[in-house]
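I opened a new notebook page for this one. My plan is to look things up one at a time and jot down what I find.

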Amino acid sequence: SDPDYEIKSNSWLLPVLRKYLKLHSLQLFLDYFFPQAAALDDTIYSKPKDEWTDIERQLEIMYDQIWAIFPRFCKFTNENLSNIQKIFEITAQIIANRDDIRKYACQGLEILSGYFLKLPKYRNQEYMQAQQDLEKYSTELMPKLCSLYMAQKPGYKNIINLIRSLSALCRKEYLDKIYLTHIKKLIEEKVQNKYKEHVVANMKKCDILIAMSSSIDIATTYDITKQFIKVFLPEKFGYQKKAFKLLLSISHRVHPSYLTEIYELMSDIPLVNTNSKSAKFDCFFNILEKIEYTPDNIEEVLKMVQKMLPELLVALKEASQKARKSACEILKFLTNKLGEFDLLPIYISYVAAGFAAKTSLMKSAAIMAMAEILKEGKAKLNPEFVWETTTIVLLLIKEKNREVFRAVLQYVKAFMKVVPKEFLQEHLYDILVPLFEWDEDGRNHSKSLLRHFIEKLIRKLVIDKFLQLSFIG
């Protein structure tokens, strides 16, 4: 109500703090900002919204701005051990009742849960009491969070992230009970063919199960989880993607000896939804990272790679950027890992088998994959062996297919980067002639890519050597 409020107030600092402040002490927020927010709450929300004046609307903006900076003040220290109850009471009330600022409370509590997990459990009586309080309040808050997520309330993405974080703090008996109850119910609905009746609600249940799966007791839940995955991996309506995500979460936690079994669960399942590709590749990548590479089981790994490779190659041409990126990361990882065992020639032969495919899609994908392998494994590849592969790639230009031609240009750019300058000069004519002998109309469709290649080539080579080629000019 003060006419000079804008001059006297420091409220202009709130958006500045939100944008530029890094993680700061929680105690400062509790001592200074929270009392201000509580006073504004009493002032603003003491009367219906339709009776607000301009002052109340301005104060509401300030109230929202105070809670917007809450995640910036979530640095938990030992001094805050006595405030755990207060923190959960404040945030739980906001999460349950305030749609407009719920996401800020969720973000802040999610950050704090990371600090809670690092607290020593048995240092002294105070820490032991703190652990008991965290377990109690997290378990009490979990049903509210699940209900809000199922109701698709505002801030639901922050809610599911908070469920994932607090799952690590909840009572394990409670968490396992909730997980087993709901996963069994979903399996029963599938057996009774009722799972299509509540697709949206079931998708949300799956999200909650996936969030909890990182903290459940894997020994007691592994069998039922495996059953769920078997049942829902072949299904449509988004169930397949959820099953792959749950499989990924479980694969992070099992012993490496179980990874072969997990791979067998997913290897023979056809993708009924293109959105599931990146989730499937994430599972495969995690298996490849965690599996033990020894001389005894390397043959088994090669069989897995050979079986999965066609799908990875085709994914390089996928419309989804996430699927393309996942497939490319797997190819690079395999290049480095198999190179440690001197198995790159075998790996390259698997990829080169795509050159003989019937479709131009697979041929171009195999060429693009070979380019990635060259760039990643250049230190472990013999230039003569690379040239033998390059001659086969250049022969594919005779297909007179624009898609293949563009893939060959990408491969030749990679070849130019990995081989020594003298070696490139020696084979320059054999590379350029097939490119320029291709029909003019096809070259025009790839003019920018071809020009970019020639520019890089000129920078790398001595210009006199380049101009000696009779067809230049």
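My entries run from the whole chain down to single residues.

**Whole chain.** First reminder to myself: this is a predicted model. I looked up the secondary structure and got 25 helices and 0 strands in the protein chain. Next I checked how spread out the chain is. Its radius of gyration is 30 Å, well over the 23 Å from the globule rule for 473 residues, so I noted it as more spread out than a compact globule. For the outer dimensions, I took a box along the principal axes, and the C-alpha atoms fill roughly 85 × 60 × 50 Å.

**Inside and surface.** How much of the chain is buried? Buried residues come to 48% of the 473. I also looked at contacts between residues at least 6 apart in sequence, and 74% of them join residues at least 24 apart. On the outside, the protein chain exposes about 24,000 Å², with carbon and sulfur atoms supplying 51% of that.

**Charges.** I counted side chains by sign and got 68 positive and 59 negative. Where do the centres of the two sets lie? They are 3 Å apart.

**Cysteines.** I went looking for disulfides, taking a pair of cysteine sulfur atoms within 2.5 Å as the test. The count came to 0. Cysteine 106 is in no disulfide, and the nearest cysteine sulfur, in cysteine 74, sits 12 Å away. Is cysteine 106 buried or exposed? I found it buried, at a relative accessible area of 0%.

Then I tried cysteine 328. Why is there no bond from its sulfur to the closest cysteine sulfur? That closest sulfur belongs to cysteine 283 and is 19 Å off, which is too far for a bond. I wrote down cysteine 328 as buried too, with a relative accessible area of 15%; the cut-off for buried is under 20%.

**Odd backbone angles.** I flagged two residues here. Glutamine 152 has a positive phi of about 55 degrees, although it is not a glycine. I traced glutamine 152 to the loop between α7 (125-150) and α8 (156-167). Its relative accessible area is 36%, so I put glutamine 152 down as partly exposed.

My other flag is asparagine 193. This residue is also something other than glycine, and its phi is positive, near 60 degrees. Which helices lie on either side of the loop that holds asparagine 193? They are α9 (172-191) and α10 (199-212).

Definitions and conventions. Residues numbered from 1 in each chain as written. Predicted model: local features only at pLDDT ≥ 70, side-chain atom pairs only at ≥ 80, totals over all residues. Heavy atoms only, no water. Helix = DSSP H or I, 4+ residues; strand = E, 2+ residues; numbered from the N terminus. Rg over C-alpha atoms; globule rule 2.2 N^0.38 Å. Buried < 20%, exposed > 50% of the residue type's maximum accessible area, 1.4 Å probe, protein only. Contact = heavy atoms within 4.5 Å. Areas by Shrake-Rupley, 256 points an atom, 1.4 Å probe, with all protein chains shown as cover. Lys, Arg positive; Asp, Glu negative; His and termini not counted. Charge placed at Lys NZ, Arg CZ, Asp CG, Glu CD.
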